[in-house]
Amino acid sequence: MREFNQEVIHTYVVLAYKESEYLEECIKSVLNQDYPSHVLIGTSTDNDYIRNLASKYNLEVVVNEIKGGGNAVDFDFAWNAGRSELVTIAHQDDTYDKNYSLEIVKAYNKEKNAQIIFTDYFEIRNGEKVYSNTLLNIKRILLSPLRLRFWAGSPIIKKSVICLGDSICCPAVTFCKKNIKSKSVFVNDQLNGNSDWYGWLQLAKIKGGKFIFIPKSLMGHRVHQDTHTSREINANTRSPQDLIMFEKFWPKPIAKFINYFYQKSEKSNNL
């Protein structure tokens, strides 16, 4: 088992599901960090494939015994499983640049009251890194108010960056556990497909705690047809949940108008 240094303040919980062909690449990326983060694997689908990779890299596996809870339950399990001040839920299909951990820890040392710290990201499409497209550029515009750190603790500003869509990429986020009082951030029976967006809203309502945005593309979000997001968009189950989220920010007629255009932008998640 990879030894856990108590002085390490950052942990990756690699959230593994079934048998992803990309899991080993994700593991390699979080082990190959300039800052020595702790790494463990979290799963609700314990199997030999995951166990063999864990053994290969000498990693601990923590198992979520709550079955069938969906993304929200898995996400809450993962960030609570990390035994350090800072925890990143590393999605099994994604990768992290080698200085992701270092940039996160540096930001936390400057902003001890942060709730979440997150970076910009790039997409991985057909094995190629994509740093700029319409969706990425729109998200960067939405997040631009957080470039001014003195606004980062305002509930109004925090809600404003997510009121036109889920601009925060979940696997790019690190949770500052001591500044998040509840152990459940993501769970909502109506919004399993939008559990991360719902979670950001719950945190945004809290005064004082900051959303710290690092405008550097330090993690790669893989876009392929078997991701949870792609499956939901293709099955047309995402739109009703998006509308529920928009109605948390806007009157219903405005929410419907925004949702119409949001669905068109989400199609870019498809290859």
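These exercises walk through a predicted model, each with a worked solution.

**Exercise 1. Strand β9 and its partners**

Task: Is strand β9 largely enclosed or largely open, and which strands pair with it?

Solution.
Step 1. Find the strand. β9 covers residues 210-223.
Step 2. Count its buried residues. Of the 14 residues in β9, 11 are buried, so the rest of the structure largely encloses this strand.
Step 3. Look at β5, residues 95-96. Two bridges connect β5 with β9, and the two strands run antiparallel. Take Y96 as a marker: M219 in β9 is its bridge partner.
Step 4. Look at β6, residues 114-125. Here 11 bridges make the link to β9, and the strands run parallel. For a marker on this side, find I117, which stands opposite I212 in β9.
Result: β9 is largely enclosed. It pairs antiparallel with β5 and parallel with β6.

**Exercise 2. Cysteines C169 and C170**

Task: How many disulfides does the structure have, and why is there no bond between C169 and C170?

Solution.
Step 1. Recall the bond. A disulfide covalently joins the sulfur atoms of two cysteines.
Step 2. Set the cut-off. The two sulfur atoms must lie within 2.5 Å.
Step 3. Check the distance. The cysteine sulfur closest to that of C170 belongs to C169, and it is 7.4 Å away, so the pair is too far apart for a bond. Seen from the other side, C169 has the sulfur of C170 as its nearest, and C169 is in no disulfide.
Step 4. Check exposure. The cut-off for buried is under 20% relative accessible area. C169 has 7%, so it is buried. C170 has 4%, so it is buried too.
Result: the disulfide count is zero.

**Exercise 3. Salt bridges**

Task: How many salt bridges does the structure hold, and which parts does the pair E60 and R83 tie together?

Solution.
Step 1. Start with the total. There are nine salt bridges.
Step 2. Take E60 and R83. Their side chains meet with an N to O distance of 2.9 Å. E60 sits in strand β3 (residues 60-63), while R83 sits in the loop between α3 and β4, so this pair ties together parts 23 residues apart in sequence. Both ends are partly exposed: E60 has 24% relative accessibility, and R83 has 41%.
Step 3. Move to K106 and E103. Their closest N and O atoms are 3.7 Å apart. Both residues belong to helix α4 (residues 100-110), with a spacing of three residues, about one turn of the helix. K106 is partly exposed at 42%, whereas E103 is buried at 12%.
Step 4. Extend the link. A network of salt bridges takes in E103, K106 and K216.
Step 5. Compare with E123 and R125. Their closest N and O atoms are 2.6 Å apart. E123 is buried, with 2% relative accessibility. R125 is buried as well, with 15%.
Result: of the nine salt bridges, one ties strand β3 to the loop between α3 and β4.

**Exercise 4. The largest cavity**

Task: What is the volume of the largest cavity, and which residues line it?

Solution.
Step 1. Count. The structure has one cavity of 30 Å³ or more.
Step 2. Read the volume. The largest cavity holds about 60 Å³.
Step 3. Find the lining. Among the lining residues are F118, T119, D120 and Y121, along with C169 and F213. Both β6 and α5 contribute at least two residues each.
Step 4. Sort by class. Seven lining residues are nonpolar, two are polar and three are charged.
Result: the cavity has a volume of about 60 Å³, and C169 from Exercise 2 is one of its lining residues.

**Exercise 5. The second largest pocket**

Task: Which helix supplies the largest share of the lining of the second largest pocket?

Solution.
Step 1. Read the volume. This pocket contains about 240 Å³ of space.
Step 2. Find its centre. It has 13 lining residues, and those closest to the centre are I138, L164, F261, Y262 and S265.
Step 3. Name the helices. α5 (134-143) and α10 (252-266) each give at least two lining residues.
Step 4. Sort by class. The lining of the second largest pocket has eight nonpolar, three polar and two charged residues.
Result: α10 supplies the largest share, with five residues.

Terms used: Residues are numbered from 1 along each chain as its sequence is written. This is a predicted model: local features need pLDDT of at least 70, side-chain atom pairs count only at pLDDT 80 or more; totals for chains, interfaces and linings use all residues. Side-chain values use heavy atoms; hydrogens and water are left out. Buried means under 20% relative accessible area, exposed over 50%, partly exposed in between (1.4 Å probe, protein chains only). Helices (H or I, at least four residues) and strands (E, at least two) are DSSP runs, numbered from the N terminus. Two strands pair if DSSP finds at least two bridges between them. On a 1 Å grid over the protein atoms alone, a cavity is a set of points where a 1.4 Å probe fits but cannot get out, and a pocket is an open set with protein on both sides within 12 Å along at least five of seven lines; lining residues have an atom within 4 Å of a point. Grid points are joined across faces, edges and corners, and a volume is the space filled by probe spheres set on the points. Ala, Val, Leu, Ile, Met, Phe, Trp, Tyr, Cys and Pro count as nonpolar, Asp, Glu, Lys and Arg as charged, and the others, Gly among them, as polar. A salt bridge is a side-chain nitrogen of Lys or Arg within 4 Å of a carboxyl oxygen of Asp or Glu.
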